[in-house]
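Open the structure in your viewer and keep the selection box at hand. We will go from stop to stop, selecting as we go.

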Amino acid sequence: MKPVPFLYPLQHKGWERFYAGSGVALYDAMSLSSGHGRGLPVHRHLSRQGALRVAPCLRKDALVGALQYYDAQMDDARFVTTLVRTAASYGARAASRARVVGFLREGERVVGARVQDVEAGAEYEIRARQVVNATGVWTDDTQALIGERGQFHVRASKGIHLVVPKDRIHSTTGLILRTEKSVLFVIPWGRHWIVGTTDTDWDLDKAHPAASSADIDYLLEHVNTVLATPLTRDDVEGVYAGLRPCSPASRTPPASSRASTPSPTPSPAWSWWPAASTTYRVMAKDAVDEAVHGLDQRVAPASPRTPRSSAPRATGPCGTRGPASPPARAARRAGRAPPQPVRLPDAAGPRPDRRGPRLGEPLPAADDYLRAEIVYAASHEGARHLDDVLTRRTRISIETFDRGTRSSASARS
């Protein structure tokens, strides 16, 4: 993770600065009271001229001043990959491209699951003393496989983001804007900006959420209310969509709860849906505690260090690319500048330049990435298909105007 500044433009004198400033001050106070140190710089108040100095992209008539605060940024796909590898290093069995198609029962007890290998089509029976349903927006579908109604239902809320080149928005800080429905962020992302998000109901195929033309227009319209040089559709190099698991208690998406709640069923299985990566440790601990509660034996308590651990521990080095990382060394040996310090696991295997003279080269049409990264994704991170590499091990599919077509063609050569 790394700290990222965000600017909140103020449009009203007096009361708005006090109102928004109080909220951000509470945000800082909560960070300090956590017992883990400050972590991020505290917020600061800016005049209109001060705001325009850090964000020249803003229209002068779009603000009377601003607040700047800091948040932490991570690559969620890279984080999940690291987390899975960490779990495997502690003995977990991680199965990719495996789908639960049914549950094993002995009377009223759920004692395991039937799992289909979606690559080969074979099915396997996996027995377990406890089962946890942590399937997010698929929670209802999984409950239906158990044959029980469950204690709650989950609504899928769709959010989309636009990816635009860095030179389209002249700013040294991210932006946060209020809309009539939610909030809108402009987030720095390497040599790009990410603009989002929306919050709308989605009742189609959960595996393939998609942005509509109206979604794209909504984001462009709202971000352009503050930009001196408006964005157009031609500036959009990538669009992606995801689904959030929400409570259906409210018809208004932003008001819907995304809390994670254990829901014991008559069988020894728990329904659990994740809310946010920032609280995944708390949710994981609660889920394990619930599962252990149903066992008829004592289980050693968790290490007191576990909640304080700030980063997953994967097998082998994994994290942010550094100047001495294998890809950087490979680039230097190939006579090229080191790659951009973003997104790469800090290991592409031992001495990738020895495994092939071209592995230290950047990918054509996606030179933020090295050829070694593609090899590493397949050899160490479970990538089996082109889409795995372009979308879930790198961000090439949304960071290039051609969706990675030229990079894919060159990787085969």
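Begin with strand β11, residues 192-196. It is mostly covered: five of its five residues are buried. Keep in mind that this is a predicted model.

**The two faces of β11**

Which residues of β11 lie on one side, and which on the other? Select H192, I194 and G196 for one side. Then select W193 and V195 for the other. Both faces are covered, and these residues are all buried. In a regular strand the side chains alternate between the two faces of the sheet.

**The strands paired with β11**

Add β8, residues 155-165. β8 and β11 are antiparallel and pair over five bridges. Pick L162 in β8; its bridge partner in β11 is V195.

Now add β10, residues 183-189. β10 also runs antiparallel to β11, joined by five bridges. Select F185 and look across: G196 in β11 stands opposite. Follow the chain from β10 to β11 and you trace a hairpin with two residues between the strands. Stop at G190 in the turn, where phi is positive, about 60 degrees.

**The nonpolar core**

Next, the largest nonpolar core, which has 30 residues. Select L7, L58, L162, I169 and V186, the residues with the most contacts inside this core. Several elements each supply at least two core residues, including β8, β10 and β11. Also among them are α2 (48-54), β9 (174-178) and α5 (213-223). Which of them gives the most? Color α5: it gives five residues. In soluble globular proteins, nonpolar side chains tend to be buried together.

Zoom in on L7. Leaving aside residues up to four places away in sequence, its contacts include L46, A51, V54, A55 and L58. L7 also touches G174, L175 and I176, among others.

**Helix α8**

Jump to α8, residues 371-380. Select R371, A372, E373, I374, Y376 and A377; these are buried. Just after the helix comes G382, with a positive phi of about 75 degrees.

**The largest cavity**

Last stop: empty space. How many cavities of 30 Å³ or more are there? The count comes to two. The largest holds about 50 Å³ of space. Find it by selecting D75, R78, R393, T394 and R395, the lining residues nearest its centre. In total, 10 residues line this cavity. By class, two are nonpolar, two polar and six charged. Helices α3 (76-89) and α9 (386-393) each supply at least two of the lining residues. α9 gives the most, with three.

Conventions. Residues are numbered from 1 along each chain as its sequence is written. This is a predicted model: local features need pLDDT of at least 70, side-chain atom pairs count only at pLDDT 80 or more; totals for chains, interfaces and linings use all residues. Side-chain values use heavy atoms; hydrogens and water are left out. A nonpolar core is a set of buried Ala, Val, Leu, Ile, Met, Phe, Trp, Tyr and Cys residues joined through side-chain atoms within 4.5 Å. Buried means under 20% relative accessible area, exposed over 50%, partly exposed in between (1.4 Å probe, protein chains only). Helices (H or I, at least four residues) and strands (E, at least two) are DSSP runs, numbered from the N terminus. Contact means heavy atoms within 4.5 Å. Two strands pair if DSSP finds at least two bridges between them. On a 1 Å grid over the protein atoms alone, a cavity is a set of points where a 1.4 Å probe fits but cannot get out, and a pocket is an open set with protein on both sides within 12 Å along at least five of seven lines; lining residues have an atom within 4 Å of a point. Grid points are joined across faces, edges and corners, and a volume is the space filled by probe spheres set on the points. Ala, Val, Leu, Ile, Met, Phe, Trp, Tyr, Cys and Pro count as nonpolar, Asp, Glu, Lys and Arg as charged, and the others, Gly among them, as polar.
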